[in-house]
Amino acid sequence: MLTDGPVLLRPYRRSDAVAWSQVRRANREWLAPWESSVPGDWDEVNSPATFRWVYRDQRRSARTGEGMPFAVCLHSDGVEQLVGHINVGNIVRRAFCSGYVGYWVDRQVAGRGVIPTALALAVDHAFGPGGLHRIEVNIRPENQPSRRVVEKLGFREEAYHARYMHIDGAWRDHIGYALTSEEIAAEGGLLARWHRLRARTP
């Protein structure tokens with residue numbers, strides 16, 4: 001588990017099925033425009049029954065080293081609430097040592113620093129125990145909230161990917177952001193950078 005204040009990142013559990021489905025179904029309008037196209041009705045592909053396949057895939061990717069998936073939770077007074085997801089995926093080792101990060105969060109907690117904190121925790125884990133050197137995040141140009149997350153954390157904008165991924169019924173352009181371990185080493189990691197940024201914000 002990775003924690004900072006009320007933000008907790010942990011592996012998924014089989015018992016997350018109902019909570020995962022509820023938050024996904026409640027956030028259809030918030031999430032669907034930014035997620036890769038999958039066949040089927042939103043409620044169907046985000047049902048508790050479907051979660052068992054999601055859980056199995058997450059466990060497999062973690063076991064094989066292809067991914068570092070986490071449930072994003074808020075915890076207080078012994079109560080834990082699942083509010084999102086973050087994954088370092090498509091991991092390639094050897095001379096590349098790189099991965100791509102994807103994330104989503106419940107609209108009800110957006111703007112409260114949950115995902116920037118979760119991203120900082122995941123990146124520090126990936127660069128530390130995970131042994132990676134580079135993290136990439138690709139975001140649709142129109143997705144301003146997600147772009148603000150990576151920009152405030154200091155990810156470099158370094159590419160424009162035309163028709164990069166099939167999302168919401170069409171091939172969508174993406175902006176590529178990246179960060180390497182050297183860029184944050186002197187600051188004590190990305191979470192330390194995030195803490196300093198928040199302390200300076202009135």
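What follows is a walk through the packing, ring pairs and charged contacts of this predicted model.

The inside of the protein is a good place to start. The largest nonpolar core has 40 residues, and the members that touch the most others are Leu9, Ile86, Tyr103, Leu119 and Phe155. Helix H5, covering residues 114-127, supplies the largest share of this core, with 10 residues. Leucine 9 shows how such a residue is surrounded. Even with neighbours within four places in sequence set aside, leucine 9 is in contact with Met1, Leu2, Phe70, Ala71, Val72, Ile86, Ala118, Leu121 and Ala122. Ile86, then, turns up twice: as a contact of leucine 9 and among the core members with the most partners. There is also a second core, separate from that one, made up of 13 residues, including Tyr12, Tyr55, Cys73 and Leu82.

Next come the aromatic rings, which form three pairs in the model. One of these brings together tyrosine 12 and phenylalanine 51, whose ring centres lie 6.0 Å apart; the pair counts as tilted because the planes meet at 55 degrees. These two partners come from distant parts of the chain, 39 residues apart: tyrosine 12 belongs to the loop between strand E2 (7-10) and helix H1 (17-26), while phenylalanine 51 is in helix H4 (residues 48-64). Tyrosine 12 is buried at 6% relative accessibility, and so is phenylalanine 51, at 1%. Phenylalanine 51 also pairs with tyrosine 55, again in a tilted arrangement, with 6.1 Å between centres and 35 degrees between planes. Why are phenylalanine 51 and tyrosine 55 separated by about one helical turn? It comes down to their spacing, because they are four residues apart in helix H4. Tyrosine 55 is buried as well, with a relative accessible area of 11%. Taken together, ring pairs link Tyr12, Trp20, Phe51 and Tyr55 into a cluster. Rings can have charged company too: the charged end of arginine 24 sits over the ring of tryptophan 104, at 4.9 Å from its centre.

That leads on to the charged side chains. Side chains of opposite charge can pair when their charged atoms come close. The model has 14 salt bridges. In one of them, arginine 134 meets glutamate 136, with the closest N and O atoms 3.1 Å apart. Arginine 134 is buried at 18% relative accessible area, and glutamate 136 is buried too, at 11%. Another salt bridge joins glutamate 142 to arginine 140, with 3.3 Å between the closest N and O atoms. Here the surroundings of the partners differ: glutamate 142 is partly exposed at 48%, whereas arginine 140 is buried at 10%. A further bridge runs between arginine 196 and glutamate 187, whose closest N and O atoms are 3.4 Å apart. Arginine 196 is partly exposed at 37%, as is glutamate 187 at 27%. Some bridges share partners, and in this way Arg134, Glu136, Arg156, Glu158 and Glu183 become one network.

Finally, two arginines have a backbone angle worth a look. Arginine 94 has a phi near 60 degrees, a positive value in a residue other than glycine. This arginine 94 lies in the loop between strand E4 (79-92) and strand E5 (98-105), and is exposed at 78% relative accessibility. Arginine 163 also has a positive phi, near 45 degrees, but its place is in strand E7, residues 156-167. With a relative accessible area of 60%, arginine 163 is exposed.

Note on methods: Residues are numbered from 1 along each chain as its sequence is written. This is a predicted model: local features need pLDDT of at least 70, side-chain atom pairs count only at pLDDT 80 or more; totals for chains, interfaces and linings use all residues. Side-chain values use heavy atoms; hydrogens and water are left out. A salt bridge is a side-chain nitrogen of Lys or Arg within 4 Å of a carboxyl oxygen of Asp or Glu. Buried means under 20% relative accessible area, exposed over 50%, partly exposed in between (1.4 Å probe, protein chains only). A nonpolar core is a set of buried Ala, Val, Leu, Ile, Met, Phe, Trp, Tyr and Cys residues joined through side-chain atoms within 4.5 Å. Contact means heavy atoms within 4.5 Å. Rings of Phe, Tyr and Trp (its six-membered ring) pair if their centres lie within 6.5 Å; planes under 30 degrees apart count as stacked, over 60 as edge-to-face and the rest as tilted. A charge sits over a ring if NZ of Lys or CZ of Arg is within 6 Å of the ring centre and within 35 degrees of the ring normal.
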